[in-house]
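This report covers one helix pair and one group of paired strands. The sequence and structure are shown first.

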Amino acid sequence: MAEAVPVVMVVQNQGVPQDVRVASFGRTLARAGYAVEIIAPARQGQASEEVIDGYTAHRFPQPPDGAGVLGYTWEVAVSLWGIFRARSRLNVGSSWRILHLCNPPDVLWAPFATSSRRMIRIYDHHDLAPELYLAKGGRHGSVAHRALLRMEGWANRWADLVIVPNESYAALTASRGHVPAERIHVVRNAPRADIWHPVPPDNALREGADFVVCYVGAIGQQDGVDELVRAMSSVRKTDGSRKYLCLVAGSGPEVSGLKRLASDLGLTDTVRFLGWVGDPHRVRDIIASSDVGVEPCPSNAFNDASTMIKLTEYLATGRAVLAYDLPEHRVTVGDAGVFVPPSLGYNGLAHAIVRMATNPSDVKLLADRARRRLNEADLSEAIAEQALLRAYDQAGQLALSRGSRW
């Protein structure tokens, strides 16, 4: 019997199974017969070693959250040391392996710099680090910005193959990263079909409101959740005939400030901060109990090019989407949502919310389209799995051409 092809995946900024993209890849590859091991940071309560959905997680101590350039540099340095030490716990039996690194940061190759060349190297480009730095208030052309661009370039040159989440990233990888098209694979983020599907609403979550909107995901400076909070204030001033409710499920550095903002605007009875919800079934129930899923991230170079996982979760749960009109939002949502020109800001979001609340038949039509969107637009889990396995087929062919016996 042939030995299973060993795969070592590495992620630094989230653990598994919290990072749904990494967990999905691990699950898909394990089902396809690969021997998958994932090095990841440990979150509270997680074991240092664990088998999940057929793959093995080797966890290193959670690094400190770094604030500012120096703090983040220290966080990355501690993580790289943890990854280097975790290598000794791998069960890889063959000298040949596929090494699959998931950014950020773009220097995860460093702990493997002295490893054998008998491996196929995959760079899984989750985030555009230079654009994300600018979206968080960084200065274009600064030392930090130039360093991030250089590290991204190193990662692209290091890799045999590059996996990206959408065509926008693929275009940047080809142009800025100088990676040939035949080495780039688009593998989209897709929700698990066995979890993400329409379910009845939980009336307790709706609190008797006439119209409920929700936001799920990270809450950082670039995510624009403050736009949603301000929009809810405008909604209440504009339409006093209905009871509105906004459910916010997520965590991040902006949460405390957003709670103060909601209090200052008198929205403590309108905006509910539910915190981080780890159970995806519960997140699904929150979305299903809402009338509309909102993606309020503003237009910038990072958000314009990125595919937000929450959008696919809204669609899979059968909910209409409200978002600013950004290029990749259009690709994902299609005709299942309402798009607001970014120039209109939170007042534009507010106007759209009131208009949707006033026209329930339109919202129902959008919800019906949402239920069909992922399959009709080739954004389903099955399509994503096929794309990943095609990338790995190419990795296997590369290994064979270099002398492996897989």
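The sections below describe a predicted model, beginning with the helices.

## Packing of α7 and α13

Helix α7 spans residues 225-238 and helix α13 spans residues 345-358. The two pack with their axes 8 Å apart, at an angle of about 55°. That angle makes α7 oblique to α13, since it falls outside the ranges for roughly parallel (under 35 degrees), roughly perpendicular (65 to 115) and roughly antiparallel (over 145). The crossing of these helices is right-handed.

On the α7 side, the contact is formed by Glu 227, Arg 230, Ala 231, Met 232, Ser 234, Val 235 and Thr 238. The α13 side contributes Gly 345, Tyr 346, Asn 347, Leu 349, Ala 350, Ile 353 and Val 354. By residue class, the contact between α7 and α13 contains eight nonpolar, four polar and two charged residues.

## Strand β7 and its partners

Strand β7, residues 161-164, is covered on both faces. Leu 161 and Ile 163 lie on one side and are buried; Val 162 and Val 164, on the other side, are buried as well.

Strand β7 pairs with two strands, β6 and β8. Strand β6 (residues 119-124) runs parallel to β7 and is joined to it by three bridges. Within this pairing, Ile 163 of β7 has Asp 124 opposite. Strand β8 (residues 184-186) is also parallel to β7, again over three bridges. Here Val 162 has Ile 184 of β8 as its bridge partner.

Note on methods
Residues are numbered from 1 along each chain as its sequence is written. This is a predicted model: local features need pLDDT of at least 70, side-chain atom pairs count only at pLDDT 80 or more; totals for chains, interfaces and linings use all residues. Side-chain values use heavy atoms; hydrogens and water are left out. Axes are lines fitted to C-alpha atoms, for helices over the stretch in contact, and angles run from 0 to 180 degrees between N-to-C directions. Helices (H or I, at least four residues) and strands (E, at least two) are DSSP runs, numbered from the N terminus. A crossing is left-handed if the near helix is turned anticlockwise from the far one by less than a right angle, and right-handed if clockwise. Contact means heavy atoms within 4.5 Å. Ala, Val, Leu, Ile, Met, Phe, Trp, Tyr, Cys and Pro count as nonpolar, Asp, Glu, Lys and Arg as charged, and the others, Gly among them, as polar. Buried means under 20% relative accessible area, exposed over 50%, partly exposed in between (1.4 Å probe, protein chains only). Two strands pair if DSSP finds at least two bridges between them.
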